[in-house]
Amino acid sequence: MLTKAQLQKRISVASKHEPADLVIKNGTIVDVFNLEIILGDIAIADGVIVGIGSYEGHEVIDATSQYIVPAFIDGHVHIESSMVRPREFAKAVLPHGITTIITDPHEIANVAGGTGISFMLEDSENLPMDILFMLPSCVPATSFENSGAVLTATDLEPFFSHPRVLGLAEVMDYPAVKQREPSMMDKLYMTLQHTDKIDGHGAGLDDNAINIYRSVYISTDHECVTVEEAKERVRRGMYVMLRQGSGAKNLLDLLPAVHSGNSRRFLFCTDDKHLDELIREGSIDHSVRLAIQAGLDPFLAIQMASLNAAECFGLSTKGAVAPGYEADLLLLDSLQEIEIAKVLKAGRVVAKNGAAIYDESGATEPPSRLTESVQLLSVSEEDLKIPIGSNKQARIIGVIPNQLVTKEIIETVQTENGFFIPSIDNDQVKLVVIERHKKKGTIGLGVVKGLQLQAGAIASTIAHDSHNIIVAGTNDRDIVTAIRAVHQMNGGLVVVSTGNVIGSMSLPLAGLMSMKNYEDANDELSKLHEALHSVTQASENVFLTLSFLSLPVIPELKLTDGGLFHVGRFEHIGVAVNN
């Protein structure tokens, strides 16, 4: 809350009656309003910019030969996908110029409900990064799978009293909106009593579906995969997020939709991005870099990464280098390459030359509900048999590289005694999803093509969005070994070959996140990938691909613990194709 004394100080510094707390001198300022360069000192008082001109300060930063731009904002991200807790996530992305994120904790909420949301809020307190929340709208994502929790409007409403909660996160269950399903109506109505901020999830939705979304104030979409989809959403008044994550990389496909006439309706997001890629290539800074390399004006790219994102979420004091705006700033050595020399949060340097340099207080101790989240009945090879008809035809989940969408394939498969046998030569391997929250014993079985597994099995407790155990394997023995290994670890990722675990990463925090610091977690992830490369020829991150094969809200075929799911029909279907 702004005090009268702070107001008086701002006026006094702006009018040059007293020195600023900090002045940045000799830099070249990027004006995201006029999309041009301006020169002048930047005066900062109590973490807020109060003037641009000629100023003196108690502290001075010399920005000679550097560009000064507003810090970047990630419009939609699931922290859990980084596989580290919020405090460690901040350390990893702050050096990349991200000082504000809009996060949806629906991954941990699907495991542990309100307990998970509370942990994410508590663990993100007192950081030099603004971690703002949208409340999960779809826990579970659909009624066609078993998750660890169910969140109703009554469960969610108390969280709106938290100052860092902005609205309702991605509404994925379009049929529930269209059919005016009571629990969804309750969530939408409840949200609109507090805010008008509601995120969308428009994967595969046509124009009329977008009409329906907009009629209930759903205003964003990060699921566009074509230029026409992006334009259609802008025509209907939505903001479109250009997503560049680990699994879905849509930025370059969508960038031709952006031009000077409509660019204010576009921003960037990562959605889901693994720790190693965040460290290696960056976050929103990587998106800005890619956009500039593809020909977008650097000023437009920076505007999209800052001001547009801020305005999309009603963050009126973020996103610009101007008086009255928070002093969340980047000092760049190169505008074209987005080379970040310093990152300032509220006028304080928090990262420099690629490293975070702030002190932090103690971390939140997670409750046992989060650290004992893998509750599993015993699974045997007998439980994994997939019956196939005499014509040996099967419906197969077809992986599309670097996309979350899959395709339905019907192919001849190998069988033994009437049951499916994986084929390495045909790239047809077994896919298994096992309920792991409440010992219900449900198991979904299917066939997937495109993982290019050459041996063994891989398993994970990261399986969007219900986060049951998901396994792909070339033989049942290794699949069972992998299941048992992730159970013993209380969550994580494993690689198995010839009956032995050859690589693993422990994720005991809800089966989603490591308890280690981000550097050690990244080392563990690197060793896991070495093991992964020994059993697959795929160039992309197969674990990330695997994690989305269970998400029944993105076309076309997915696998839940209830079986093979056709997203277009919104129903479970059989693996075997009848004669």
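Ser65 lies in the loop that links strand S6 (57–62) to strand S7 (67–70). This is a predicted model. Ser65 has a positive phi of about 70°, although it is not a glycine. Helix H11 (residues 284–293) and its partner, helix H12 (residues 298–312), take up much of this briefing.

**Backbone exceptions**

- Most residues other than glycine have a negative phi, and most peptide bonds are trans.
- Ser65 is exposed, because its relative accessible area is 64% and the cut-off for exposed is over 50%.
- Ala510 also departs from the usual sign, with a positive phi of about 65° in a residue that is not a glycine.
- Ala510 sits in the loop between strand S29 (500–506) and helix H15 (518–533).
- Ala510 counts as buried, since its relative accessibility is 0%.
- The bond from Val139 to Pro140 is a cis peptide, with omega near 0°.
- Pro140 belongs to the loop between strand S10 (130–135) and helix H4 (153–156).
- A cis peptide also joins Pro555 to Glu556, with omega near 10°.
- Glu556 is placed in the loop between helix H16 (542–547) and strand S30 (557–560).

**Helix H11 and its surroundings**

- H11 is mostly covered, with nine of its ten residues buried.
- Among the buried residues of H11 are Asp285, His286, Ser287 and Arg289.
- The buried residues of H11 pack against four strands and two helices: strand S8 (72–77), strand S9 (98–103), helix H9 (251–254), strand S15 (266–269), H12 and strand S17 (339–345).
- Gly295 follows H11 and has a positive phi, near 110°.

**The H11–H12 pair**

- The axes of H11 and H12 come within 9 Å and cross at roughly 155°.
- That angle makes H11 roughly antiparallel to H12, because angles over 145 degrees count as such.
- The crossing of H11 and H12 is right-handed.
- On the H11 side, the contact uses Ile284, Val288, Ala291 and Ile292.
- On the H12 side, Pro298, Ala301, Ile302 and Ala305 meet them.
- The residues of this contact are eight nonpolar, no polar and no charged.
- An α-helix has 3.6 residues a turn, so residues three or four places apart point the same way.

**Ile284 and Ser283**

- Ile284 is placed in H11 and counts as buried, at 0% relative accessibility.
- Beyond its neighbours within four places in sequence, Ile284 is in contact with Phe72, Ile73, Asp74, Ile98, Phe268, Cys269, Thr270 and Ala305.
- Ile284 and Glu326 are 42 residues apart in sequence and 19 Å apart in space, C-alpha to C-alpha.
- Ser283 is found in the loop between helix H10 (275–280) and H11.
- Ser283 is buried, with a relative accessible area of 3%.
- Outside the same four-place window, Ser283 is in contact with Asp74, His96, Ile98, Thr270 and Leu278.

**Nonpolar cores**

- The largest nonpolar core has 169 residues, and those with the most contacts inside it are Leu242, Val288 and Ile458.
- Helix H3 (residues 106–123) gives the most to this core, with eight residues.
- Apart from neighbours within four places in sequence, the contacts of Leu242 include Leu251, Leu254, Leu255, Val258 and Met304.
- A second, separate core has 15 residues, including Ile102, Leu132, Met134 and Leu267.

**Helix H2**

- Helix H2 (residues 86–93) is largely enclosed by the rest of the structure, because eight of its eight residues are buried.
- Charged side chains are part of that set: Arg87, Glu88 and Lys91 are among the buried residues of H2.

Key: Residues numbered from 1 in each chain as written. Predicted model: local features only at pLDDT ≥ 70, side-chain atom pairs only at ≥ 80, totals over all residues. Heavy atoms only, no water. Buried < 20%, exposed > 50% of the residue type's maximum accessible area, 1.4 Å probe, protein only. Axes fitted to C-alpha atoms, helices over the stretch in contact; angles between N-to-C directions. Parallel < 35°, antiparallel > 145°, perpendicular 65-115°, else oblique. Left-handed = near helix turned anticlockwise from the far one by under 90°. Contact = heavy atoms within 4.5 Å. Core = buried A, V, L, I, M, F, W, Y, C linked by side-chain atoms within 4.5 Å.
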